[in-house]
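Reader: I'm new to this one and would like a close look at a single part of it. Could you pick a spot, walk me through it, and then work outwards from there?

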Amino acid sequence: MHFTIKVQYKNKFNKKDIKTIEKNKIKMTTKLWAMGLVLFCTLLTSTAQIFYKFGVATLELNILSIITNIYLITGLLLYGIGGILIIISFRGGEVSVLYPIIATSYIWVSFLSIYFLDESMNFFKWLGVFVIMAGIVFIGYGSKKGTAEGVGVI
Amino acid sequence: MATELWAIALVSSATLIGAFGPILLKKASEKKLSKIKSLITNYHLIGGVFLYAIGTILFIPALKGGDLSVLYPFVSLTYVWVSFLSVKFLGEKMNVMKWWGIGMIILGVSFIGIGSS
């Protein structure tokens, strides 16, 4: 059985094809770290939003109040780290794979808002979250690596 | 807490400004980025990061005007702006998938708006 498959492969593909298949295999493994990294970034940037919200509660319009606002600084730091890592991870993966992972941030922010900010979700808000996520998945599939979308949007 | 209209308008404008970030960063990535000197003289790179930052800085005060679970989904409008801007400034093409995506994001933020009132 094994032998026959091998023969079939030999007839179907020439050496060049096999080389491209091998290349794609390597690409697949790079994608895994990129996927993990993007998920991690998404959690960082979602947490940053909660810190922003805590930060603006005590924010006043003077420089001292802004630069000593520990919540705001933490939020910006998390967001900045997330942004840099997302740009790196886009070098190791396709937009169509990474966009759906980034889109999960809308779910994380919704849950974090419920637990940390005492906000409430309802049917239309959840529906909105999932329709937006589906929209981002579509844009991801419509985009190619190397397009502006491929730079990464956070 | 009811989310106020000015907050939604501010988030939407912030995403439009922030969307110029990826456009400029894409232009920046077409140039050599290996040396420090080429990084600091790459005005597309500096401009892209700057606009990203302006987008974020405008987003934060908007959070004073409402719930995070209402305002954050409006950030997804960035994808809509980036799609349009990349056609205008990078000569990229629209396709059926992108149009569906744009339509769904607009529908999605409309649902969020309905749910918040």
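Author: Let's start at L77(B), which sits in helix α5 of chain B. Keep in mind that this is a predicted model. Is L77(B) buried or exposed? It has 23 C-beta neighbours inside 10 Å, and 20 or more is what it takes, so L77(B) counts as buried. And what does L77(B) touch, once you skip residues up to four places away in sequence? The list is S12(B), T15(B), I105(B) and V109(B). Take V109(B) from that list: along the chain, L77(B) and V109(B) are 32 residues apart, yet their C-alpha atoms are separated by 8.2 Å.

Two of those partners, S12(B) and T15(B), lead us to a helix pair. α1(B) and α5(B) pack with their axes 8 Å apart, at an angle of about 45°. That angle is neither under 35 degrees nor in the 65 to 115 range, so α1(B) and α5(B) are oblique to each other. The crossing itself, where α1(B) passes α5(B), is right-handed. On the α1(B) side, the contact is made by S12(B), T15(B), L16(B), G18(B), A19(B), F20(B), P22(B), I23(B) and K26(B). Facing them from α5(B) are L77(B), T78(B), W81(B), V82(B), L85(B), S86(B), F89(B) and L90(B). Sorted by class, the residues of this contact come out as eleven nonpolar, five polar and one charged.

Another of L77(B)'s partners, I105(B), takes us into the core. The largest nonpolar core has 60 residues, and I105(B) is among those with the most contacts inside it, along with L98(A), I132(A), I136(A), V11(B), A62(B) and L71(B). Which element gives the largest share of this core? That's helix α1 of chain B, residues 5–29, with ten residues. As a general backdrop, nonpolar side chains tend to be buried together in soluble globular proteins.

You'll have noticed names from both chains in that core list, and I136(A) is a handy place to see the two meet. Leaving aside neighbours within four places in sequence, I136(A) is in contact with Y99(A) and A103(A) from chain A, and with S76(B), Y79(B), G101(B) and I105(B) from chain B. So much for one residue; how many residues of chain B are in contact with chain A overall? There are 37, and they meet 32 residues of chain A. On chain B, α1, α3 (43–62), α4 (68–71), α5 (77–90) and α6 (96–116) each supply at least two residues of the side that touches chain A. The largest share of that side comes from α6(B), with 13 residues. By class, the side of chain B that touches chain A has 21 nonpolar, eleven polar and five charged residues.

Now let's cross over to chain A. Its 154 residues include 37% that are buried, and it has seven helices and zero strands. Among its contacts between residues at least 6 apart in sequence, 77% join residues at least 24 apart.

One pair to look at here is α6(A) and α7(A). Their axes come within 9 Å and cross at roughly 160°. Anything over 145 counts as roughly antiparallel, so that is how α6(A) and α7(A) lie to each other. Their crossing is right-handed. Y106(A), I107(A) and S110(A) of α6(A) make the contact with V129(A), I132(A) and M133(A) of α7(A). Of these contact residues, five are nonpolar, one is polar and none is charged. The buried residues of α6(A) are S105(A), Y106(A), V109(A), S110(A), L112(A) and S113(A).

Finally, the loop between α6 and α7 of chain A. D118(A) is found there, and with 9 C-beta neighbours inside 10 Å it counts as exposed. Its phi is positive, near 55°, in a residue other than glycine. In general, most residues other than glycine have a negative phi. M121(A) is also placed in the loop between α6 (105–117) and α7 (123–142). Because M121(A) has 17 C-beta neighbours inside 10 Å, it counts as partly exposed. Not counting residues up to four places away in sequence, M121(A) touches S110(A), I114(A) and W126(A), plus S69(B) from the other chain. The C-alpha atoms of M121(A) and S110(A) are separated by 7.5 Å, with their positions eleven residues apart along the chain.

Note on methods:
Residues numbered from 1 in each chain as written. Chains lettered and ligands numbered in written order. Predicted model: local features only at pLDDT ≥ 70, side-chain atom pairs only at ≥ 80, totals over all residues. Core = buried A, V, L, I, M, F, W, Y, C linked by C-beta atoms within 7 Å. Buried ≥ 20, exposed ≤ 12 C-beta atoms within 10 Å, placed from the backbone. Helix = DSSP H or I, 4+ residues; strand = E, 2+ residues; numbered from the N terminus. Contact = placed C-beta atoms within 7 Å. Nonpolar A, V, L, I, M, F, W, Y, C, P; charged D, E, K, R; others polar. Axes fitted to C-alpha atoms, helices over the stretch in contact; angles between N-to-C directions. Left-handed = near helix turned anticlockwise from the far one by under 90°.
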